Amino acid sequence: ALCGVVPPMISPLNETGESDGDAITALVGHILDGGCSGLFVLGGCGEGAWLTSAQRASVVRGAVWVAAGRVPVLVGVMLPATGLAMDAARQAADEGADALVVGSPYYLSVDAATQQRHVEAILGAVSLPILLYNIPQATHNPLAPATALRLAQDSRILGIKDSAGDFEAFQGFLAIKKHRAAFRVLQGNEHFASSSLLLGGDGLVPGMANFA
């Protein structure tokens with residue numbers, strides 16, 4: 001079950017821009033010693049969309065190695081186009097990721113059908129399960145509860161991380177549980193952490209968990 005606190009981990013780099021293995025070891029150790037139940041690498045806090053392919057591979061490899069199977073490692077493939085995201089998904093799978101985190105394409109406006117095709121194409125590219133990600137502050141294309149419900153018909157869709165700060169939409173994601181009890185809903189907006197858990201959210205994805 002995907003629940004508890006799954007921090008969006010920062011991506012430690014050294015002065016030459018390569019991943020810092022010692023810092024990754026220290027950070028993952030700190031997170032897991034704090035009782036967190038998973039790792040989300042290459043998300044917004046990890047600047048996943050800004051890193052090179054080599055940097056992304058190295059960060060994933062380091063996190064997977066240090067986690068050593070103690071918790072699942074979820075890897076963000078939050079890239080602007082489907083082809084890029086598919087390539088990143090294959091790379092993450094090769095580096096040992098347990099699951100992927102996938103949101104909407106961005107830069108250009110997209111509709112719900114395009115968002116659904118985007119996720120389905122990534123599902124077709126790899127065998128890993130997917131956590132959906134709604135963060136319209138970054139993508140400018142909200143992922144609607146109705147779209148998430150359609151995608152949730154596939155058992156490989158684990159649930160959703162919602163960082164929109166739209167509590168009405170969050171409640172819409174929670175309603176998907178009525179159709180599929182195993183669908184997990186995680187709150188990524190720290191301002192709504194407590195209220196989300198009280199309403200039945202399964203966990204949190206707080207950037208502050210990198211240090212607290």
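## A tour from cavity to sheet

By class, the residues around the largest cavity are seven nonpolar, with no polar and no charged ones. To see them in this predicted model, select Leu 2, Val 6, Phe 40, Leu 74, Leu 131, Leu 186 and Val 205, which form the lining of the largest cavity. Show them as sticks and look at the space they surround: the volume of the largest cavity is about 30 Å³. How many cavities of 30 Å³ or more are there in the whole structure? A search finds one.

Next stop, the largest pocket. Select Gly 43, Gly 44, Cys 45, Ile 135 and Ala 138, which lie nearest the centre of the largest pocket, among the 20 residues that line it. If you add a surface here, the volume to look for is about 390 Å³. The lining of this pocket is a mixture by class: 12 nonpolar residues, six polar and two charged.

Now switch to a cartoon view and find the strands. Eight of them make an open sheet with parallel pairing, and you can trace the order β1-β8-β7-β6-β5-β4-β3-β2. Which strands are at the edges? They are β1 (4-5) and β2 (39-41), each pairing on one side only. As a reminder, strands of a sheet pair through backbone hydrogen bonds, either parallel or antiparallel.

For a last close-up, select residues 99-102 (strand β4) and residues 130-134 (strand β5), which run parallel and are joined by three bridges. Zoom in on Leu 100 and you will find Ile 130 of β5 standing opposite.

Note on methods. Residues are numbered from 1 along each chain as its sequence is written. This is a predicted model: local features need pLDDT of at least 70, side-chain atom pairs count only at pLDDT 80 or more; totals for chains, interfaces and linings use all residues. Side-chain values use heavy atoms; hydrogens and water are left out. On a 1 Å grid over the protein atoms alone, a cavity is a set of points where a 1.4 Å probe fits but cannot get out, and a pocket is an open set with protein on both sides within 12 Å along at least five of seven lines; lining residues have an atom within 4 Å of a point. Grid points are joined across faces, edges and corners, and a volume is the space filled by probe spheres set on the points. Ala, Val, Leu, Ile, Met, Phe, Trp, Tyr, Cys and Pro count as nonpolar, Asp, Glu, Lys and Arg as charged, and the others, Gly among them, as polar. Two strands pair if DSSP finds at least two bridges between them. Helices (H or I, at least four residues) and strands (E, at least two) are DSSP runs, numbered from the N terminus.
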